[in-house]
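Please open the structure in your viewer and keep the selection panel at hand. The tour moves from the interior to the ligand and then to the whole chain.

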Amino acid sequence: MGKTMKVLGVSGSPINNSNTDRALKVALEATGLETEFIKLVEYNITPCRACIGCVETNRCVNTHDDGILLAEKAKAADALIVACYTPYSSIDSLTKAFIERLYQLRHKHGFMAGKPGGAIVACAIPASNKALPPACEMGTNAIMYYMLEEGMNFVGSVKILGNVPCIKCGYGNECRTSGLRMIYGNEATVQSVGINKFEEQQDALDAARALGKKIAGTLKKKA
Ligand SMILES: Cc1cc2nc3c(=O)[nH]c(=O)nc-3n(C[C@H](O)[C@H](O)[C@H](O)COP(=O)(O)O)c2cc1C
């Protein structure tokens, strides 16, 4: 009997039970395989220091955080789904630090090469708002380009419309710098915008399930 395939899902969203997390869990579940869900905020992860100390051993020399542990999990997994949110329109720093620390798996062996991978990204700026940065696209590109640079098989992405923090900060209707008005116009209020939920976005729900199934299908073909 062949080895059980395992899919690792890593979320950089620090928000408790966020849209990002829930979408990742749907994608993992849809694989029908063994999975592990990691919430990076529960780990200690710092950026790559570009010291190249991992060249000979494929093991980071920074032993003061969880960079080695997380890289070992990625190396052991057969597929990887990376999920992020997009503060200031780009990939969040926990996700970026995680990706940078996977550099230790690159040298000479390319331990991530050939593995199927996918991206899940939540942003508050709808793609239809052309006056503001395309946050979901920028987040997706960051994850996709990591995977392509490592020779992974990028199979797809999920874009979720999440929530601007001003919706729940308590000052969303009167704050001079409210993101609600920035995104939805001067008349926008906490009440008129409402809370965006991943489960109510059929396209995103379908895309998350499709991503999980595509990863499982790709692994099956490889086996
Ligand atoms: C500091 C900060 C800055 C943010 N800046 C942006 C931004 O520039 N563009 C954007 O689309 N969303 C921005 N967001 C909103 C997040 O992308 C949003 O919280 C995301 O949808 C995840 O939330 P959720 O999973 O709870 O929906 C920002 C959030 C924070 C906390």
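Which residues of the largest nonpolar core touch the most other members? Select Ala 23, Ala 27, Ile 81 and Ile 120, which hold that place among the 58 residues of the core. A nonpolar core is a set of buried Ala, Val, Leu, Ile, Met, Phe, Trp, Tyr and Cys residues joined through C-beta atoms within 7 Å, and a residue is buried if 20 or more other C-beta atoms lie within 10 Å of its own, with C-beta atoms placed from the backbone. The model is predicted, local features need pLDDT of at least 70, side-chain atom pairs count only at pLDDT 80 or more, and totals for chains, interfaces and linings use all residues. Residues are numbered from 1 along each chain as its sequence is written.

Stay on Ala 23 and add its contacts (C-beta atoms, placed from the backbone, within 7 Å): leaving out residues up to four places away in sequence, Ala 23 touches Ala 83, Ile 120, Val 158, Ile 160, Phe 198, Ala 204 and Ala 208.

Next, select the ligand and the 19 residues that surround it, each with its C-beta atom, placed from the backbone, within 6 Å; the closest are Ser 18, Asn 19, Cys 123, Ala 135 and Gly 162. Helix H1 (19–31) and strand S4 (116–123) are the elements that give two or more residues to this shell, elements being DSSP runs numbered from the N terminus (helices H or I, at least four residues; strands E, at least two).

Finally, colour the chain by secondary structure: seven helices and five strands appear, in the order β-α-β-α-β-α-β-α-β-α-α-α from the N terminus on.

Technical notes: A residue is buried if 20 or more other C-beta atoms lie within 10 Å of its own, exposed if 12 or fewer, and partly exposed in between; C-beta atoms are placed from the backbone. Two residues are in contact if their C-beta atoms, placed from the backbone, lie within 7 Å.
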